[in-house]
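Hi,

Here is the structure I promised to pass on to you. Have a look at it first, and then read my notes underneath.

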Number of protein chains: 2
Amino acid sequence: MYSLVEENYLKALFALSKDIGSVSVNDLSKHLDIKMPTVTSMMKKMAAKKLVAYESYKPLKLTEKGKKEAALIIRKHRLTEMYLVEKMGFGWEEVHNIAEQIEHIKSPELFTKMDELLDYPKFDPHGAPIPDINGEMEWKAYSKLSECKAGEKVRMAAVINTSDGFLEFLNSREIRLGLKIKIMSVEPFDNTMVVRYKKHDQESLSHTVCERLLVEKV
Amino acid sequence: MYSLVEENYLKALFALSKDIGSVSVNDLSKHLDIKMPTVTSMMKKMAAKKLVAYESYKPLKLTEKGKKEAALIIRKHRLTEMYLVEKMGFGWEEVHNIAEQIEHIKSPELFTKMDELLDYPKFDPHGAPIPDINGEMEWKAYSKLSECKAGEKVRMAAVINTSDGFLEFLNSREIRLGLKIKIMSVEPFDNTMVVRYKKHDQESLSHTVCERLLVEKV
DNA sequence: GTAAAAAGTTAGATTAGACTAACAAATTAG
DNA sequence: CTAATTTGTTAGTCTAATCTAACTTTTTAC
């Protein structure tokens, strides 16, 4: 069994490897808001437990074991988020912090039960895939909305950034997963998009926003 | 905000004061399975935070503040147990360990939501009262089954011991809260009771068991 | 009412996980 | 290609919560 702190290092390493490929001590230090010497010493400790392949001055890499453990924590996080939204009525902007804590609960039964009650969900409330019990997970081949062209019709599939602020912004525009959106035009100057959906005839979305929305073409 | 460790000391102090009136360092040490010197030093630390009134060689006492904090943790524990049983389908023998962890979650919203979804329950799945949001709680005037006499009819109101083993024993005899029981006879020698309920015509319950069952006379 | 036992305290060590200061290696810029 | 900058490591300190060993106070037994 791993400590709460180790679990957080695992999650961070896993997430950063996804986002930026290779992970430096500096990246991890910034992401966790923990000073570099502390990170170095934790990496040595986790290397001793075969969770991380650590060599001085080299990029950090999770071992297969580390990846699996990380994925299982992410599984618990995402199942919890889904449970909170679907079964308890929380908004998608409210669940991150709660799930951040519940993911560390030591009780396979609790998560098995959530999984059953949710009927084995494949995605969390932000569209991220929920790893299976073996830690296997796959992102579908979504596009960023920002990469789409005027005239295309797409369906909202996932959000990349899950900060409260961003999700509240989406709420205020009634943008949610599954929503069908037509791209009316793209401003060449700053890449702002004008889109149409539901009762929103011409909603304009900045490039910053469009970069954080993943869609499926329909 | 208190640490997980402090919260556990608070809960233990609260529970022991209920059970055995005054609490010694030794009692607390045994209950928490933590050595006495550690307990002494934690008591000093918690005294500095005004949670405990500590004087060398004197019995330990929670302050009003300490009692309220303890009751609020117990509130979270019991709400969680009720939620797990009522909304997730766990058995009353399965929920203690999970609630023991979830009670430390920092999210007033989570517990408010449980309370709402459960429609403001007054008792947990073992019949123990759930403190209100101000930490107020009251045990009803129940009797131990062991104190009842042959011929009396009673209703199961609560269980004192909530160990898995004891609850599984009750499950095996189909004894649950609300059950109406008639006391057929009491063996004078060892106080074993013969009782009748549902399809159980003459179930015999040891004194040890009867001591742990709280009932209301009907 | 003293002696033995039990309970409680003090002092000092340990571990996990954090930090700062100082130094070393690697990368980047001119 | 060297110098400056950035990144990473080492060494040593700190805090929370634990422990053991040794000592003191209180309680219990006779």
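Below is what I found, going from the protein contact to the DNA and then to the sheets.

One thing to keep in mind while you look around: this is a predicted model.

**Where the two protein chains meet**

Chain A puts 18 residues into the contact, and chain B puts in 18 residues as well. Together the two chains bury about 1,400 Å², with 70% of that on carbon and sulfur atoms. I looked for salt bridges between chain A and chain B, and the count is 0. Polar contacts do turn up: 4 residue pairs link chain A and chain B that way, counting pairs with both residues at pLDDT 80 or more.

Which parts of chain A face chain B? Helix H4 (64-88), helix H5 (95-102) and helix H6 (108-117) of chain A are the elements that give two or more residues to that side. H6(A) gives the most, with 5 residues. Sorted by class, this side of chain A has 10 nonpolar, 4 polar and 4 charged residues.

**DNA strand D**

There are 21 residues around DNA strand D, and the ones that come nearest are Asn26(A), Lys44(A), Tyr54(A), Ser3(B) and Lys45(B). Both protein chains are in that list, as you can see. If you take the atoms of DNA strand D within 4 Å of the protein, 75% belong to sugar or phosphate, and the rest to bases.

Some phosphate approaches to zoom in on:

- Lys44(A) has a polar side-chain atom 2.2 Å from a phosphate oxygen of DNA strand D.
- Tyr57(A) uses a polar backbone atom, which sits 3.1 Å from a phosphate oxygen of the strand.
- Tyr9(B) comes in from the other chain, with a polar side-chain atom 3.2 Å from a phosphate oxygen of DNA strand D.

The elements giving two or more residues to this surface are helix H2 (25-32) and helix H3 (36-48) of chain A, plus helix H1 (4-20) and helix H3 (36-48) of chain B. H3(B) has the largest share, at 5 residues. By class, the surface near DNA strand D splits into 11 nonpolar, 7 polar and 3 charged residues.

**DNA strand C**

Around DNA strand C there are 20 residues, and the closest are Ser3(A), Lys45(A), Asn26(B), Lys44(B) and Tyr54(B). Of the strand C atoms within 4 Å of the protein, 78% are in sugar or phosphate, and the rest are in bases.

What does Thr38(A) approach? An N or O atom in its side chain is 3.1 Å from a phosphate oxygen of DNA strand C. Tyr57(A) has a polar side-chain atom 3.4 Å from a sugar or linking oxygen of DNA strand C, while Tyr57(B) brings a backbone N or O atom to 3.1 Å from a phosphate oxygen. Here, helix H1 (4-20) and H3 of chain A, along with helix H2 (25-32) and H3 of chain B, give two or more residues to the surface.

**The sheets**

Chain A has an open sheet of 6 strands with antiparallel pairing, in the order S3-S8-S4-S5-S6-S7. Strand S3 (143-144) and strand S7 (200-205) of chain A are at the edges with a single partner strand each, so one side of each has no neighbour in the sheet. Further in, S4(A) (153-159) and S8(A) (213-217) pair in the antiparallel sense over 5 bridges, and Val159(A) has Leu213(A) as its bridge partner.

In chain B, the open sheet of 6 strands runs S3-S8-S4-S5-S6-S7, with antiparallel pairing. Val159(B) stands opposite Leu213(B) there.

Cheers

How values were computed: Residues numbered from 1 in each chain as written. Chains lettered and ligands numbered in written order. Heavy atoms only, no water. Contact = heavy atoms within 4.5 Å. Buried area = accessible area lost by both parts, 1.4 Å probe. Salt bridge = Lys/Arg side-chain N within 4 Å of Asp/Glu carboxyl O. Polar contact = N/O pair within 3.5 Å; in protein donor to acceptor, adjacent residues only side chain to side chain. Helix = DSSP H or I, 4+ residues; strand = E, 2+ residues; numbered from the N terminus. Nonpolar A, V, L, I, M, F, W, Y, C, P; charged D, E, K, R; others polar. Near = heavy atom within 4 Å. Pairing = 2+ DSSP bridges.
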